[in-house]
Amino acid sequence: MHNLKHSPLVEAPEFIVIDPHKAMMASSLDKIRVQGGTQLNGEIPISGAKNAALKHLCAAMLTGDPIQFTNMPVGLKDIQTLAALMKEMGVEMTLRSDGVMFVQAKDIHSTEAPYDLVRRMRASVLVMGPLLGRFGEATVSLPGGCSIGTRPIDLHLDGFRAMGADITLEEGYVKATAPAGGLHGAKILFPKVSVGATENVMMAATLAKGETVLMNAAREPEIIDQGEALIKMGAKISGLGTSEIRIEGVPHLHGMTHDIIPDRIETGTFMIGVALTGGTVTLKHTRTDFLTSLIGPLQQAGVTIEESGEDVIVHRNGKPLVGTDIMTEPYPGFATDLQAQFMTMLTMCEGAGMVTETIFENRFMHVPELQRMGADITVQGNSAIVRGVKKLKGAEVMATDLRASVSLILAGLVAEGETTVDRIYHLDRGYENLVDKLEACGAKVFRESSRQAEE
Ligand code: EPZ
């Protein structure tokens with residue numbers, strides 16, 4: 001219900017027709033033009049968390065009962081892609097523009113996630129845990145590498161194996177089959193902290209026989225949100241938010257209603273935007289407790305952040321920003337999903353700052369693009385030294401992942417002249433109404449559709 005109450009961008013709930021193939025084709029050639037030099041001042045409604053919402057949708061397949069979500073970021077292409085995949089499997093769903101979504105997985109007629117959809121969105125592998133847990137089988141195309149790294153799913157598969165599943169690989173597809181009596185509980189020690197593996201195995205374990213203990217589990221707020229929703233469905237889970245999660249399997253789960261947590265990465269992105277441009281922006285319906293690892297460095301740099309009920313007020317006066325170092329780590333460490341945006345901020349700081357990326361091996365794709373705008377950045381291995389410059393200059397840039405793309409939009413907000421960001425398709429995956437939200441705060445941002453460009 002939050003979007004209805006808070007979002008001035010949504011007037012009346014409309015029903016959204018899921019056709020991700022068409023939508024992606026239409027937006028893949030779009031560009032965003034940014035005219036730099038204006039402050040951000042105003043209000044921005046924060047959407048529901050993409051990385052929680054995707055897993056909630058998958059978890060809805062653990063029961064045949066109806067599930068209702070509120071604060072679902074239905075405008076995101078990733079949500080629409082996953083919804084299309086689940087629809088193909090036989091899941092009934094209705095998406096409304098006010099963020100209300102109804103899902104019912106009563107009659108599933110396929111337990112296969114095809115290559116075409118998994119390749120568009122790696123999170124599709126998260127259907128595996130629920131399908132395996134409830135139906136005893138799942139066939140999912142191997143996602144392959146992606147622009148930010150090789151990103152294997154071995155930890156997911158090892159977890160399922162420990163619970164008794166047989167895993168085979170045929171023609172690029174992973175087939176997981178539960179033993180005759182269904183999955184059984186197991187003690188699983190993840191050799192590396194993985195958000196996706198923790199979630200996938202946790203979902204499968206809710207319907208397994210006996211207790212599953214996940215050690216060295218991820219502690220992200222999205223996992224807590226997912227666990228809390230599963231508990232509402234009847235799952236027995238303890239230890240959420242710690243590195244040891246215990247799940248006592250139950251025979252069935254049931255329907256429920258769940259309000260999705262606000263998107264901490266979107267919140268952090270706009271905080272960094274205000275840090276860069278200066279001004280005062282109220283981020284509506286969000287929280288600061290998820291973002292302590294960002295807020296510390298932002299305050300050190302000279303930004304004021306205050307919580308006011310369900311809102312967060314971000315402010316920077318005219319004083320120059322001060323450079324500071326960050327290193328990405330699993331939660332509660334600095335989020336890798338905010339690294340590119342923070343680096344953009346450092347390019348305009350007084351002094352220098354060091355950025356170290358420890359989660360993904362190839363997450364500096366924004367660096368050459370920022371350099372084209374005049375940034376002074378030196379990369380050595382997984383670290384980058386960013387020396388502040390007096391100004392960035394607008395340029396035509398492009399990035400191959402979501403957070404790198406938004407970091408270039410942020411750079412455009414403070415660059416001299418015009419910046420054009422190509423391949424907007426990445427942004428559409430993870431930022432709802434980005435252009436409208438920035439425009440409402442005074443930014444000069446314009447989306448050029450591929451059709452307009454042809455005319
Ligand atoms: C989630 O990806 C997020 N995606 C990512 O958000 C985020 O960057 C990442 O967690 C880290 O916070 C979603 O939630 C949909 P991981 P995930 O498993 O689950 C390695 C965004 O911009 N690994 O925690 O795929 C892996 O290669 C994105 O919204 C294995 O080696 O991340 C990586 O180096 C992109 N084997 C590290 O672990 C495995 O089986 C952490 O990955 C699984 C992961």
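I call a crossing left-handed if the near helix is turned anticlockwise from the far one by less than a right angle, and right-handed if clockwise.

Entry 1, the model. I am working with a predicted model, in which local features need pLDDT of at least 70 and side-chain atom pairs count only at pLDDT 80 or more, while totals for chains, interfaces and linings use all residues. Residues are numbered from 1 along each chain as its sequence is written, and side-chain values use heavy atoms, with hydrogens and water left out.

Entry 2, helix packing. I looked up α12 (339-347) against α14 (402-414), and found that α12 passes α14 in a right-handed crossing. Their axes (lines fitted to C-alpha atoms, for helices over the stretch in contact, with angles from 0 to 180 degrees between N-to-C directions) lie 8 Å apart at an angle of about 25 degrees, and that makes α12 roughly parallel to α14 (under 35 degrees; over 145 is roughly antiparallel, 65 to 115 roughly perpendicular and the rest oblique). I then turned to α10 (residues 264-277), whose axis comes within 9 Å of that of α14 and crosses it at roughly 25 degrees. That makes α10 roughly parallel to α14 as well, and α10 also passes α14 in a right-handed crossing. Helices here are DSSP runs of H or I of at least four residues, and strands are runs of E of at least two, numbered from the N terminus.

Entry 3, the ligand. I listed 22 residues around the ligand (a heavy atom within 4 Å), of which Lys55, Asp154, Ser194, Asp337 and Ile359 come nearest. By class, this shell has 9 nonpolar, 5 polar and 8 charged residues (Asp, Glu, Lys and Arg are charged; Ala, Val, Leu, Ile, Met, Phe, Trp, Tyr, Cys and Pro nonpolar; the others, Gly among them, polar).

For polar contacts (N or O pairs within 3.5 Å), I noted a polar side-chain atom of Lys50 at 2.9 Å from a ligand oxygen, and one of Asn51 at 3.1 Å from a ligand oxygen. From Gly196, a backbone N or O atom lies 2.8 Å from an oxygen atom of the ligand. Taken alone the ligand exposes 830 Å², and the protein buries 87% of that (Shrake-Rupley, 1.4 Å probe). The elements giving two or more residues to the shell are α3 (50-59), α7 (154-162), α8 (195-205) and α14.

Entry 4, backbone. I found the peptide bond from Tyr331 to Pro332 to be cis, with omega near 10 degrees, and Pro332 sits in the loop between β19 (326-327) and α12.

Methods. A polar contact is a pair of N or O atoms within 3.5 Å; within protein, one must be able to donate a hydrogen and the other to accept it, and residues adjacent in sequence count only if both atoms are side-chain atoms.
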